[in-house]
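Welcome! Here is a short tour of one protein chain, written for someone meeting it today.

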Amino acid sequence: MSQQVLKKVLRDKKQRMTAQRELILKIFMESKGRLMSLDDVYMNIRKRKNHKTSKMTVKRGIDLLEELGIIRKVNFEDGTPRYELIEELENEPKVLFICENCGKAIKLELDKEKLKVYCLMKILKLRILI
């Protein structure tokens, strides 16, 4: 998602591009698909020079980007939602595997047949033996 696309989407929704929104989008673009919490984004902004954006401004910016379909919210059992940038062309489904011990998430691309097999294995409680 480029900043030009975001500007157009914001303009269509009668919103304007602010420096804070642009910075939030830039952080998600630099995250390379990593899931980020509100605190992750906020701390990333705080590390940058001359940025004194409040946490509430970051929250509102993330909420707006989610509402516009630019980022996606992923809820975790620990109660902390995390967000990821939605890639422009999602041809293949992506599956998010979350470690039940440490909470680390791994996103994998699977074709539809592999996804069906995975879902069937989950339903039947099968596991792969190596």
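Where does Thr18 lie? Thr18 is found in the loop between α1 and α2.

## Before we start

This is a predicted model, in which local features need pLDDT of at least 70, side-chain atom pairs count only at pLDDT 80 or more, and totals for chains, interfaces and linings use all residues. Residues are numbered from 1 along each chain as its sequence is written, and side-chain values use heavy atoms, with hydrogens and water left out.

## The overall plan

The chain has five helices and five strands. Here helices (H or I, at least four residues) and strands (E, at least two) are DSSP runs, numbered from the N terminus. Following the sequence, you meet them in the pattern α-α-β-α-α-β-β-β-β-α.

Of the 130 residues in the chain, 26% are buried. Buried means under 20% relative accessible area, exposed means over 50%, and partly exposed is in between (1.4 Å probe, protein chains only). The chain exposes about 9,700 Å², with carbon and sulfur atoms supplying 52% of it; such areas come from the Shrake-Rupley method with a 1.4 Å probe, and for residues only the protein chains shown count as cover. Among contacts (heavy atoms within 4.5 Å) between residues at least 6 apart in sequence, 35% join residues at least 24 apart.

## The nonpolar core

A nonpolar core is a set of buried Ala, Val, Leu, Ile, Met, Phe, Trp, Tyr and Cys residues joined through side-chain atoms within 4.5 Å. The largest one here has 20 residues, and those with the most contacts inside it are Ile24, Phe28, Val41, Ile62, Ile70 and Ile71. Two or more residues each come from α1 (3–12), α2 (19–30), α3 (38–47), α4 (55–67) and β3 (82–85). The most come from α2, which gives five.

Let us look at Ile71. Setting aside residues up to four places away in sequence, Ile71 touches Phe28, Ile62, Leu65, Glu66, Tyr83, Glu84, Leu85 and Ile86.

## Helix α2 and the loop before it

With twelve residues, α2 reaches 16 Å from its first C-alpha to its last, close to the 16 Å expected at 1.5 Å a residue. That expected span is 1.5 Å times one less than the number of residues in the helix. The buried residues of α2 are Arg21, Leu23, Ile24, Leu25, Ile27 and Phe28. Just after this helix, Lys32 takes a positive phi of about 55 degrees.

Is Thr18, back in the loop, buried or exposed? Thr18 is buried, because its relative accessible area is 16%. Its C-alpha is 9.5 Å from that of Gly61, although the two residues are 43 apart along the chain.

## Two residues of helix α4

Ile62 lies in helix α4 and counts as buried because its relative accessible area is 1%. Beyond residues up to four places away in sequence, Ile62 touches Ile24, Phe28, Leu38, Val41, Ile71 and Tyr83. The C-alpha atoms of Ile62 and Arg21 are separated by 8.2 Å, with their positions 41 residues apart along the chain counted as their distance apart.

Glu66 is also in helix α4, and Glu66 is partly exposed, with a relative accessible area of 29%. Leaving out neighbours within four places in sequence, Glu66 is in contact with Ile71, Lys73 and Tyr83. Glu66 and Glu84 are 18 residues apart in sequence and 9.4 Å apart in space, C-alpha to C-alpha.

## A charge over a ring

Finally, the charged end of Arg82 sits over the ring of Phe76, 4.2 Å from its centre. A charge counts as over a ring if NZ of Lys or CZ of Arg is within 6 Å of the ring centre and within 35 degrees of the ring normal.
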